[in-house]
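Hello,

Here is the structure I said I would pass on. My notes follow below it.

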Amino acid sequence: ITLDSSLATGPMLPRYLCQGLYSSEDYYLSVDSHTIFRRNWDSYLISELSHAEKKSGNDKVVLTTYPTGYRRDAEGNVTLPSTPTPTTLKYSGTTKREGVPRQKSSPSSGGPAPPLVAAGYYFCRGLGAEYFPGHDVFFGEEPYLSITFYNRGYTFWAPRQAAVFTL
């Protein structure tokens, strides 16, 4: 996908375009463009999803949280935290102007999580790709995804280890 920079007004249009590439793959991952991955992230997330499905008794699970941060120096060298702490999402109030629910991350050991989705990091079986809101939503994207997954019977799960990192 190539996108003229004048159209890059936020993450929604690129996410919408990328979601259009989904073609019945077994799994679906949504991340921000400034995300990096730990070694063997894909095997880990598939294993963690299977673990969550077994523990929850539900074959519809979405792994999601805000990724742990990383640093990049002026030369482009990346530094990951020495002991990356997994997180889970928590409700943190609403935006003053729009009244849209907001969320933040909190340290976690993983496991069952509140029904909140981080648009910049969620992983599920492929059917979850059909729930993307489109390109014209920004404030409200995460509540939309959260409500949609919840209404379709998904269990929300925080990964037990950090698998993706963000700036």
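Tyr27 stands opposite Arg125 in β10. That pair belongs to a longer match: five bridges join β1 to β10, and the two run antiparallel. Strands here are DSSP E runs of at least two residues, helices are H or I runs of at least four, and both are numbered from the N terminus. Two strands count as paired if DSSP finds at least two bridges between them.

This is a predicted model, so local features need pLDDT of at least 70 and side-chain atom pairs count only at pLDDT 80 or more, while totals for chains, interfaces and linings use all residues. Residues are numbered from 1 along each chain as its sequence is written, and side-chain values use heavy atoms, with hydrogens and water left out.

Back to β1 (residues 27-31). Its side chains alternate. Tyr28 and Ser30 point to one face and are buried. Tyr27, Leu29 and Val31 point to the other face and are not buried. Buried means under 20% relative accessible area, exposed over 50%, and partly exposed in between (1.4 Å probe, protein chains only).

Next, the open sheet. Three strands make it up, in the order β2-β12-β4, with mixed pairing. β2 (35-37) and β4 (68-69) stand at the edges with a single partner strand each, so one side of each has no neighbour in the sheet. β4 and β12 (residues 164-166) run parallel and are joined by two bridges. Gly69 has Thr166 as its bridge partner in β12.

Now helix α3 (residues 141-151). Its buried residues are Glu141, Glu142, Pro143, Leu145, Ser146, Thr148 and Phe149. They pack against α1 (12-19), β3 (61-64), β8 (101-107), β10 (121-125) and β11 (155-158). After α3 comes Gly153, with a positive phi near 85 degrees.

Which residues form the largest nonpolar core? There are 12: Tyr28, Val62, Ala113, Val117, Ala119, Tyr122, Cys124, Leu145, Phe149, Tyr154, Phe156 and Ala158. β10, α3 and β11 are the elements that give two or more residues to this core. Apart from it lies another core of 11 residues, including Ala52, Tyr121, Trp157 and Val164. A nonpolar core is a set of buried Ala, Val, Leu, Ile, Met, Phe, Trp, Tyr and Cys residues joined through side-chain atoms within 4.5 Å.

Two buried threonines are worth listing. Thr64 lies in strand β3 and has a relative accessible area of 2%. Leaving out residues up to four places away in sequence, Thr64 touches Leu89, Leu116, Val117, Ala118, Tyr121, Tyr122, Trp157, Ala158 and Pro159. Contact means heavy atoms within 4.5 Å. Thr64 and Leu116 are 52 residues apart in sequence, yet 7.9 Å apart in space, C-alpha to C-alpha. Thr88 sits in strand β7 (residues 87-94), with a relative accessible area of 7%. Beyond four places in sequence, Thr88 is in contact with Thr65, Lys104, Ser105, Ser106, Ser108, Ala113, Pro114 and Ala158.

Last, the cavity. The count comes to one of 30 Å³ or more, and the largest has a volume of about 50 Å³. A cavity is a set of points on a 1 Å grid over the protein atoms alone where a 1.4 Å probe fits but cannot get out; lining residues have an atom within 4 Å of a point. The largest cavity is lined by 13 residues, with Thr65, Thr68, Pro86, Tyr121 and Ala162 nearest its centre.

Best wishes

Notes
1 Å grid on protein atoms, 1.4 Å probe; cavity = no way out; pocket = protein on both sides within 12 Å on 5 of 7 lines; lining within 4 Å. Points joined across faces, edges and corners; volume = space filled by probe spheres on them.
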